[in-house]
Amino acid sequence: MEPDTKEQVSVAGKRFAEFFSMIAGLTLFSIEFLKNVFIPPYEFGEIKKHMDELGVKTLPIVSVTGFIIGLVLAMQSQPVMARFGAESFLPGMVALSVVRELGPVITALIFAGRVSSGIGAELGSMRVTEQIDAMEVSAIHPFKFLVVTRVLACTIILPMLTIYVIFIAILGGFVAIFLSQHLNFELYTNAVIHSLEFSDIIPGIAKTFFFGFIVGIVGTYKGYNTENGTVGVGRASTSSVVISSLLILIVDMILVKITVFFWG
Amino acid sequence: MAEVEINNLSKAFEDQVVLDEISLKINEGENVVVFGKSGSGKSVLLKCIVRLMEPDAGEILIEGENVLTLPMKKLNEVRKQIGFLFQSAALYDSMSVRENLEFPLIRNFNFTEKEREGKVKSVLEKVSLEDSIDKMPAELSGGMKKRIGLARTIITEPKLILYDEPTTGLDPITSKEISQLIIELQKDLNTTSIVVTHDLICARIIATHAVVLKDGKIRYEGNLENLTSKNDPFLQDFFSSEIIQAKNGSN
């Protein structure tokens, strides 16, 4: 092999090993979370504080995104549906797309970008400035206080945000359809409600618990294990977003397969 | 007060041996100052004592209990008796001064709100920062952060306090004030202290005993005045710059 090729193979091998080492670390970190989540003391105050910080502050961006998704989806689909004479199915199509896939996944990806990087940077800077060590020597379990509370907050708040985004997106769809077809709100709502079944709503919302967990666990894992000073903090923040977004898409693919298998 | 005994403690990072079978006994009420060049393992020694780092070999006895073999629950009971002042003070950024001080009290002790309030005010009075109670760490100067860090260290009334470079990065006047504060608090609380420092002014105020780490071993041990006046090339070289700084500081 040429020296350059050898070097490239060696770099690729190193990256591959790092990736698997990260997955192993993340798995052990998740097991540690599960071990600690049921053990008192329960930091309800901290969980509530993080839900407020992580969830409520994400509301403006997910509101705008949700509305635009619904609006654009309806606008883009209308000519196609009209070509097949199926315009009356447009409200149902918007609702189904948003409830089953777009709402949960888009909200989770925005949440990952907004929250996972923030958690990674916050815990990372706490690690490099010895704040986590200070907690540990004070006989306070930093994992419980910093990690468990944030992961729980993410897991609880993301489904709530998703439900909110779904409503906003359906409203966006109504605006688009109203502007082109002058369909009134009552008829639109009826069409939406009749097109949805529990087997559409439950899996769509249920998977967001997994997405919330992913965002929380990846952000805390990267932040909690930060090394190499401020450079490490930057890396923790960036890689938290990349890894959590990637994992959300992979887990979504698996969960969709499972959902289709059970509910069709 | 606590008695600390370190026996044959070793710690290496890959090939680099930082602590090489060091042994040290610190009697109750003593203030031991640990000197050494940067990277000589002073901070590692402190971190091993509270098990923030796991040493490779040896034992650390605090009041007769080997902290290195204790299960986490018992270790935390020992840690409640130890105070640790970090070089950077390590105040929790997201909490106000009051919350920083209350944090260990709420989680480790059963004080009422009124008792906690009393303790917070009392330690802030000791470090002369009563007015900073509702400030955030970002609003404090370096010296103020160190004082609040010290207040957080002593609020639980520990028997043993470990100081990691308590005066680094401070001007000579503030560093002298901090050192005097440390010795006053030590007398008030009757604690045993281990102080890692480069600062000879600080050491002169605090030390009842001094050790010098070199190449992972304790090379010199004894009274500080004896160490600084010893006819040894390493010690003379090591302390000469510190003495110049100390003289400048006292001027």
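Two strands count as paired here if DSSP finds at least two bridges between them. Keep that in mind for the views below, which come from a predicted model.

**View 1. The hairpin of β9(B) and β10(B).** Here strand β9 (residues 209-214) of chain B meets strand β10 (residues 217-222) of chain B, and the two pair in the antiparallel sense over five bridges. To find the turn end, look for Lys214(B), which stands opposite Lys217(B) in β10(B). Two residues sit between the strands of this hairpin, and Asp215(B) takes a positive phi there, near 50 degrees.

**View 2. The six-stranded sheet of chain B.** Step back from the hairpin of β9(B) and β10(B), and a six-stranded open sheet comes into view, with the order β6-β7-β8-β3-β9-β10 (chain B). Its pairing is mixed. Strands of a sheet pair through backbone hydrogen bonds, and they can do so parallel or antiparallel. Which strands stand at the edges? They are β6 and β10 of chain B; each has a single partner strand, so one side of each has no neighbour in the sheet. Ignoring direction, neighbouring strands of this sheet are turned by 15 degrees against each other on average.

**View 3. One end of that sheet, β6(B) next to β7(B).** In this view β6(B) pairs with strand β7 (residues 160-164) of chain B in the parallel sense, over four bridges. A handy spot to start is Ile82(B), which stands opposite Leu160(B) in β7(B). Compare this with β9(B) and β10(B), which pair in the antiparallel sense.

**View 4. Ala90(B), in the loop that follows β6(B).** Travel on from β6 of chain B and you get to Ala90(B), in the loop between β6 and α3 of chain B. Its phi is near 50 degrees, a positive value in a residue other than glycine. Is Ala90(B) buried or exposed? Ala90(B) has 24 C-beta neighbours inside 10 Å, so it counts as buried, since 20 or more is what that label takes.

**View 5. The four-stranded sheet of chain B.** Chain B has another open sheet, this one with four strands in the order β2-β1-β4-β5 (chain B) and with antiparallel pairing. The edge strands are β2 and β5 (65-66) of chain B, and each of them pairs on one side only. Strand β4 (residues 57-62) of chain B pairs with β5(B) in the antiparallel sense over two bridges. Look there for Ile62(B), which stands opposite Glu65(B) in β5(B).

**View 6. The hairpin of β1(B) and β2(B).** Still in the four-stranded sheet, strand β1 (residues 4-13) of chain B and strand β2 (residues 16-26) of chain B run antiparallel, joined by seven bridges. Ala12(B) has Val17(B) in β2(B) as its bridge partner. This hairpin has two residues between the strands, and Glu14(B) takes a positive phi near 55 degrees in it.

**View 7. Where chain B touches chain A.** In this view, 15 residues of chain B are in contact with 10 residues of chain A. On the chain B side, the elements that give two or more residues are α2 (72-79), β6 (82-85) and α3 (97-108). Which element gives the most? It's α3(B), with three residues. Sorted by class, the chain B side has eight nonpolar, three polar and four charged residues. For the complex, the predictor gives an ipTM of 0.87 and a pTM of 0.86.

**View 8. Two loops of chain A.** The loop between α1 (3-37) and α2 (44-55) of chain A holds Pro41(A). A cis peptide bond joins Pro40(A) and Pro41(A), with omega at about 5 degrees. Further along, His182(A) sits in the loop between α6 (142-181) and α7 (185-195) of chain A. Phi of His182(A) is near 55 degrees, which is positive in a residue other than glycine. His182(A) has 7 other C-beta atoms within 10 Å and is exposed; the cut-off for that label is 12 or fewer.

**View 9. Chain B as the setting for these close-ups.** Chain B has nine helices and 10 strands. Along its principal axes the C-alpha trace spans about 55 × 50 × 30 Å. A compact globule of 251 residues would have a radius of gyration near 18 Å, and chain B agrees, with 18 Å. Buried residues make up 41% of the chain's 251 residues. Among contacts in chain B between residues at least 6 apart in sequence, 68% join residues at least 24 apart. The average pLDDT of chain B is 87, and 95% of the residues score at least 70. Where pLDDT is low, the predicted coordinates shouldn't be read in detail.

Terms used:
Residues are numbered from 1 along each chain as its sequence is written. Chains are lettered from A and ligands numbered from 1 in the order in which they are written. This is a predicted model: local features need pLDDT of at least 70, side-chain atom pairs count only at pLDDT 80 or more; totals for chains, interfaces and linings use all residues. The radius of gyration is taken over C-alpha atoms; the globule rule is 2.2 Å times the number of residues to the power 0.38. Two residues are in contact if their C-beta atoms, placed from the backbone, lie within 7 Å. Ala, Val, Leu, Ile, Met, Phe, Trp, Tyr, Cys and Pro count as nonpolar, Asp, Glu, Lys and Arg as charged, and the others, Gly among them, as polar. pLDDT is the predictor's confidence in each residue, from 0 to 100. Axes are lines fitted to C-alpha atoms, for helices over the stretch in contact, and angles run from 0 to 180 degrees between N-to-C directions.
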